[in-house]
Amino acid sequence: MQSPRLEIANIVKDYGGRRVVDDVSLQVMPGQVTCLLGPSGCGKSTTLRIIAGVEKQDRGTIHVDGKLVCDTVFRLPPEARSIGLMFQDFALFPHLTVGQNVAFGLQTRDAGARVQALLDKVGMTRHIDDYPHQLSGGEQQRVALARALAPKPQIMLMDEPFSGLDDRLRDDIRDETLAVLKDEGTAVLLVTHEPGEAMRMADEIALMRDGRVVQQGAPYNIYNAPIDRAAAAFFSDINVIPGVVQGALTDTPFGQFLAPGLPDGTEVDIVIRPQHLKIDFDRGGRGPKPTSSEGTAARATVARARFMGASSLVEFRMDYDGSILKAVVPSVFLPKPGTALWLMIRRDRCFVFPRA
Ligand SMILES: Nc1ncnc2c1ncn2[C@@H]1O[C@H](COP(=O)(O)OP(=O)(O)OP(=O)(O)O)[C@@H](O)[C@H]1O
Ligand SMILES: [Mg+2]
């Protein structure tokens, strides 16, 4: 078993009596990207600043390669932690050239070779003598990455480093950055509030809420097995169908759902993402036959349908109670408002949670 490059355990931080980081523990393996993902104000940047050493935790420990870096008594200063930083406002030194910016933190004799190699990696060699104001946002970003990597940090902490870039450029820079970081074997802890960015970049996601890590795992697992309704809703729109448990089952207009382990009378939310609703045609007032994988179909009329390019977003008003359910379907399908259709719920794609 490989040991973690970065390990933080039971980190706690209060500001003015308010707990902002609440018992956070995390590991990042060498060459891996872990994403700290969560809504604004949940404590992501504070956690990162504590690891960097520019903020002091009230409790908890930080180890790098098994060596204590910081607890509440001992503190290695930030510059001795072998940690590289890249933040949203990654200001380059305006009076230094690209080459001088990247060489800035290097005292070694082979600094020139290292600068060359890094600029090569990020595709900026021909800009070595340019000044930052002569570069585009994406180019500046590449230089900032090279500068942060120059001293060969064991760990790279990145706080929303791509948020200043426009959409298309951001995708490219993310992928390039990831390739360079993997190539360097750096362990990365990346902070973001965008689930798309986290899924694109991360080997592991730690989902944070109100100062706590509420779920941790590979993107596939976090997306497909969310721990609760809010975790599901953080990654996409969701549909919620209410139910009440009776004999480990809950009855709904879509048939029965399993609710194992929940006592009779428990109110539950059956959660399904819009792309996992199945749509079928109306056959003179009748729908498709029930199946074990998709349950019973429920009748609905199209309230609104929007063309979104690769897909269409269709809002259905359900006959059974007038509520709205959303479905994402391939864009070849764009039904007219008022069309009667039948909806089914894929049993392998729905989640049953006790109501909060
Ligand atoms: N130095 C400070 N003094 C007092 N409160 C602070 C301080 N730094 C952060 N906070 C508070 O701690 C909470 C968490 O802040 P933090 O910056 O860690 O959030 P975040 O998850 O990074 O959010 P965002 O996605 O908006 O950047 C916020 O409510 C913030 O107001
Ligand atoms: Mg932040």
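This report describes the overall fold, the ligand shell, the two domains and two unusual backbone angles of one protein chain.

**Overall architecture**

The model is predicted, and its protein chain contains 8 helices and 20 strands. The C-alpha trace spans about 80 × 45 × 40 Å along its principal axes, and 33% of the 356 residues count as buried. When contacts between residues at least 6 apart in sequence are considered, 64% of them join residues at least 24 apart.

**Domains**

The chain is divided into domain 1, covering 6-233, and domain 2, covering 237-354, and the C-alpha centres of these two domains lie 40 Å apart. Their contact takes 5 residues from domain 1 and 5 residues from domain 2; on the side of domain 1 that touches domain 2, the residues divide into 3 nonpolar and 2 charged, with no polar ones.

The UniProt record, an unreviewed entry, places the feature "domain: ABC transporter" at residues 6-235. Over residues 6-235 the chain is 33% helix and 28% strand, and the C-alpha atoms at the two ends are 27 Å apart.

**Surroundings of ligand 1**

Which residues surround ligand 1? The shell consists of Tyr15, Val20, Gly38, Ser40, Gly41, Cys42, Gly43, Lys44, Ser45, Thr46 and His193. By class, the residues of this shell divide into 3 nonpolar, 7 polar and 1 charged, and helix 1 (residues 44-52) gives the most to the shell, with 3 residues.

**Positive phi angles**

Most residues other than glycine have a negative phi. Against that background, Asn10 has a positive phi of about 55 degrees although it is not a glycine, and Lys152, also a residue other than glycine, has a positive phi near 55 degrees. The table sets out the location and the neighbour count of each residue.

| Residue | Phi | Location | C-beta neighbours inside 10 Å |
|---|---|---|---|
| Asn10 | about 55 degrees | strand 1 (residues 6-15) | 12 neighbours |
| Lys152 | near 55 degrees | loop between helix 4 (137-149) and strand 7 (155-159) | 13 neighbours |

Why does Asn10 count as exposed? Asn10 counts as exposed because it has 12 C-beta neighbours inside 10 Å, and a residue is placed in that class if the number is 12 or fewer. Lys152, by contrast, has 13 such neighbours and therefore counts as partly exposed, the class that lies between the exposed limit and the 20 or more neighbours of a buried residue.

Methods: Residues numbered from 1 in each chain as written. Chains lettered and ligands numbered in written order. Predicted model: local features only at pLDDT ≥ 70, side-chain atom pairs only at ≥ 80, totals over all residues. Helix = DSSP H or I, 4+ residues; strand = E, 2+ residues; numbered from the N terminus. Contact = placed C-beta atoms within 7 Å. Near = placed C-beta within 6 Å. Nonpolar A, V, L, I, M, F, W, Y, C, P; charged D, E, K, R; others polar. UniProt positions renumbered as here; feature names shortened; annotations may be inferred. Domains from an automatic or database assignment.
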